[in-house]
Each structure stands twice: as structure tokens, then as C-alpha cells.
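Please look through the structure shown below, with attention to how its helices pack and where its nonpolar side chains gather. A short report follows.

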Amino acid sequence: MLDPRLLRNSLHETAEVLATRGFKLDVVAYEELEEKRKSLQIETQDLQNERNTRSKSIGKAKASGEDIAPLLAEVSELGEKLDAAKDALEHVQNALNIFYQETPNLPAKEVPVGKDEADNVEVTKWGEIPKFDFDVRDHVDISERISNQAGKGLDFETAAKLSGSRFVVMNGAIARMHRALAQFMLDVHTQEHGYQEVYVPYLVNSDSLYGTGQLPKFGEDLFHTKPATEEGQGMSLIPTAEVPLTNIARDHIFADTELPLKMTAHTPCFRSEAGSYGRDTRGLIRQHQFDKVEMVQLVLPEQSMDALEELTSHAEAILQKLGLPYRKVILCTGDMGFGSCKTYDLEVWLPAQNTYREISSCSNMGDFQARRMQARYKSKDMKKPELLHTLNGSGLAVGRTLVAILENYQQADGSVKVPEALVPYMNGLTEINVT
RNA sequence: GGAGAGGUGGCAGAGUCCGGUUGAAUGCACCUGACUUGAAAUCAGGCGAAGGGUCAAACCUUCCGGGGGUUCGAAUCCCUCCCUCUCCGCCA
């Protein structure tokens, strides 16, 4: 959520900036509502004031034994007026709330203006793109030749029987490497990057989803145990650990000395991928369920831009340690997520696709989520608590990292080398052989 | 699943039976000042949030888990939902 004052005080400038993200703010409708809100609020408060004053005098009169019947008669129609004013105000306020809730964050000034993915700007490239003197296989082909008694390394057919499309069963050394990757990432972040390891719920309530911005606008991307909009509170499967990790700060006031707070968690993530039926149907790239190691930082406002650079470098460190070539792009205004004011994507090289694919997304959300969550901090010389800033990033998406290793480390005979950094996590195994 | 207790300011904790001047006693924490070489201790004062209003104030409104109701008036009465705790049962 944006600061309401931004819309109230500099509506047109704000609308212009939002337009660079492809968001059309209905300025006329907003102004009309805001004007109504103001007059209705003043009217309502005046009526409430009158009611309060009269009620108090009734109380006094009663206490001193006077007859209160005439006083009661005076107030009789006040209640109806008040109710009408309240209803009208509530109506307008609800309409305004929709504006506030559905308006995305403002991009930082340095974010390149653009329409979509194609306008993202490459910042850096790392690593050598591997050259193969044989026909490269994609991770699905590779994994089919690495099996165990239970089945193929990546078994999509069995998963489809169990659950449906976009699920996977992993077997043997592939499953082992998947597990090893998550352990490795957690160890690096906790031991080298200063993150606190956290275990979180995978089912969350709608307040949490609202806090990080998934609701009310993006509910169809999630799996719900029952409709979250219904009364009675259905819980939803987390689409990312960002949701539980960030909401730890909800309705909390931190001492400034407690910040920055850096947290990391390994969780499964669940996404319905409602809008992507035709895309990435083969392999592990786009699944309804995937594992991810997430990093979240809660920081002082003036530190959040530096923190974004730092957090992104933490995700890069994993790719570098694994020796995976990647590039870092800054997302343009049109491609950024709803709550972000600046986002870097890390894209790993996938030989079989002959292109870079997203493996991490690191965002500074500014105070956007904090305002929704009422996540604040206070220092000794501050009179009032202020909103803190939140950041999050994948460090990394585990499934896609597995894909990248299988494809980048494949050898002519179909075997796959284990990246050096991962060998200790694979019980000393240096190579996964064809079976 | 059964039985009971409870959700109040940064925290702890009164008030709820018998509705009125209670945004809320008290303690802790915190801030300012006095005393002190400094600190501690002591004393005096201050100290919730959101919104409106103002140059700034004054001032006004709302908020005692969420929602609804009764009433001129609700932290206090009624309904409902959520959550926490204790005991019993079941269980990884």
C-alpha cells in the first residue's frame, strides 16, 4: 500500500509514475471519492461530537436526579442522522480502500522505464557459458538415464498419477542432490551471510497474504484450503516463504537496535500458475510445488537500497559457488512485481534452452508491505514508531538450481559432475552416473 | 473431541457483576528536569495508536481480539467468529 498522503497531496504526479508500470490510476474517480470522504467524515464527526456531548449531559442530569425525559426527546432523531452519515462514509471509505489496496508500489527513480520483460536491462554477467562437443540433453532427458529401483530421476508420469500435471517425483541421486542443494544454501546464508534460520508454517491465513500483497488482488495464483474471501478464514498454501517470514513483523514494533533482521527459510512453495497454461510444460521449470530457500530482511528505511544490493549478492554467491553462469538484470517498471520498488532478477544459463532463465528475484518492497502489515520500528529519539522496510529474494529456487546443474554439468556419456561445493553435501560423491 | 479460564496501552495488570465525566488505575520500561564530579538511588513532570483540523497549536472523531446488536450513552449488557491458556481424551 502506498502512503495515502501521496495520493491525496500529489495525485497527478503519482499517477504519472504509476503509468510507467502500466497501471492506470483513475484520477477523476479518486478525486471524487476523496472529496466525498472528506465532507462525509467531517459531517459524521460533528454528529458524533453532538451525540457525545448530549449523552454526557444526560448522564450528569441523571446523576443529579433531574428529569431526563426532555433531553432524551431532543436526541431522538440524532441517531438516524448519524447512522445515515456513517453508512455513507463507510461506503466511500470502502471504495477508497480498493484504490489503496490495488495500487502497486512506486518504482524507484533509477528503475528503467519499460513495458515488459523485453525492456529489462542487463547489469552484469558472470561465468563462462559451457561449450559441449556433443548434443546437449535437457534436464528431463538427463534425469531419465539416472534412475534407481523406484524409478527415473525425475518422474513426471508417476507424479501426474498422484497429483496431476506440474508435479514431480524425484528418485535416487537426483532427489539426494535436491536435498543437498537446500542444505547447502541454508548453510551459506546462515554461516557466511548472517541470516537467522527460521522454520515457518506452510499454511497461512488471509491477514498474512494481505500483508505481503498476495490478497486481495492475486488470490487466484494460490491454493486455498477454502475460499480465503469467505468468512471463517480459509488458510492458503504459501506461494513463497516471503509470506510467513515477512509477516513475522506484522503488528510489531521493533527497537531500531534490533534491525536489520535477516532471516532465511527453506520451504516448499505452491502456485496454481493460473495464467500460464501453455508455458514451460516440459520439465521442472514451472511446477505447482517447488522448494525454495528464501531470504528476507527487515531494515531501517534509509538502508533498504543498500540492503537490496547486499541481498542480491547473497543470491549471486550461491550461483558462483556452484559455478553456474548467470546474468543479473534489473526489471523495468512494467515487469516489476506488485509490491516492489526495485527488483533484480538473476537468470541462470540453461544450455538446453540456450538461454538465461530466472532463478532468483530480489526485491526491495520499501514501506509498501510494512504499511499493510503495520510493521514498525522506534528509536530512542523518535516520538512515534515509523514503518520499516522489507526486502526479499530467492537464494535460490531449488528445483531450478537442480535443472541448471544437471544441464551445465552434463557429460558426453550422460553422467553429471557434482559441483565441488556440493560434494560434501553429497556424501563425497563427485559424479552421478548413468544407471 | 470433552470441560473450564481468558483476550485491555511497549510489557505486566486493574476496571467488566451494579453501562455515564475511563483512552482507561497501578507497576515496569522509556523520555525530560532536579540532586550528583559521573553513574546509581531518590524526587518532580511527561509518555498509546490512527484519522480530521491548524502556519503551529487548541480542538474534534475513532480504537479495550474481529464483526454485529441493545441503548441517549458500551471496555462494561446480548449474539457471533477468531485466538490463547489449563485439565481430560486421542495422536506423529
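## Packing around helix H2 and the nonpolar cores

Leaving out residues up to four places away in sequence, threonine 14 touches Leu2, Leu6, Leu7 and Leu106. The model is a predicted one, and in it threonine 14 lies in helix H2. Its relative accessible area is 4%, and because buried means under 20%, threonine 14 counts as buried.

Threonine 14 shares this state with Leu11, Ala15 and Leu18, which are the other buried residues of helix H2, residues 11-19. Seen down the axis of H2, these buried residues fall within an arc of 100°, so they line one face of the helix. An α-helix has 3.6 residues a turn, so residues three or four places apart point the same way. The partners against which the buried residues of H2 pack are helix H1 (4-9) and helix H3 (27-63).

Two separate nonpolar cores can be set side by side.

| Core | Number of residues | Residues named |
|---|---|---|
| Largest core | 51 residues | Met177, Leu181 and Leu422, those with the most contacts inside it |
| Second core | 20 residues | including Leu11, Ala15, Leu25 and Phe368 |

Helix H8 (residues 172-191) gives the largest core its largest share, nine residues. Leucine 422, when its neighbours within four places in sequence are left aside, is in contact with Met177, Ala180, Leu181, Phe184, Leu322 and Ile405.

On the scale of the chain, the domain assignment of chain A gives domain 1 (26-102) and domain 2 (117-432), and the centres of domain 1 and domain 2, taken over C-alpha atoms, are separated by 49 Å.

Methods. Residues numbered from 1 in each chain as written. Chains lettered and ligands numbered in written order. Predicted model: local features only at pLDDT ≥ 70, side-chain atom pairs only at ≥ 80, totals over all residues. Heavy atoms only, no water. Buried < 20%, exposed > 50% of the residue type's maximum accessible area, 1.4 Å probe, protein only. Helix = DSSP H or I, 4+ residues; strand = E, 2+ residues; numbered from the N terminus. Arc of directions from axis to C-beta. Contact = heavy atoms within 4.5 Å. Core = buried A, V, L, I, M, F, W, Y, C linked by side-chain atoms within 4.5 Å. Domains from an automatic or database assignment.
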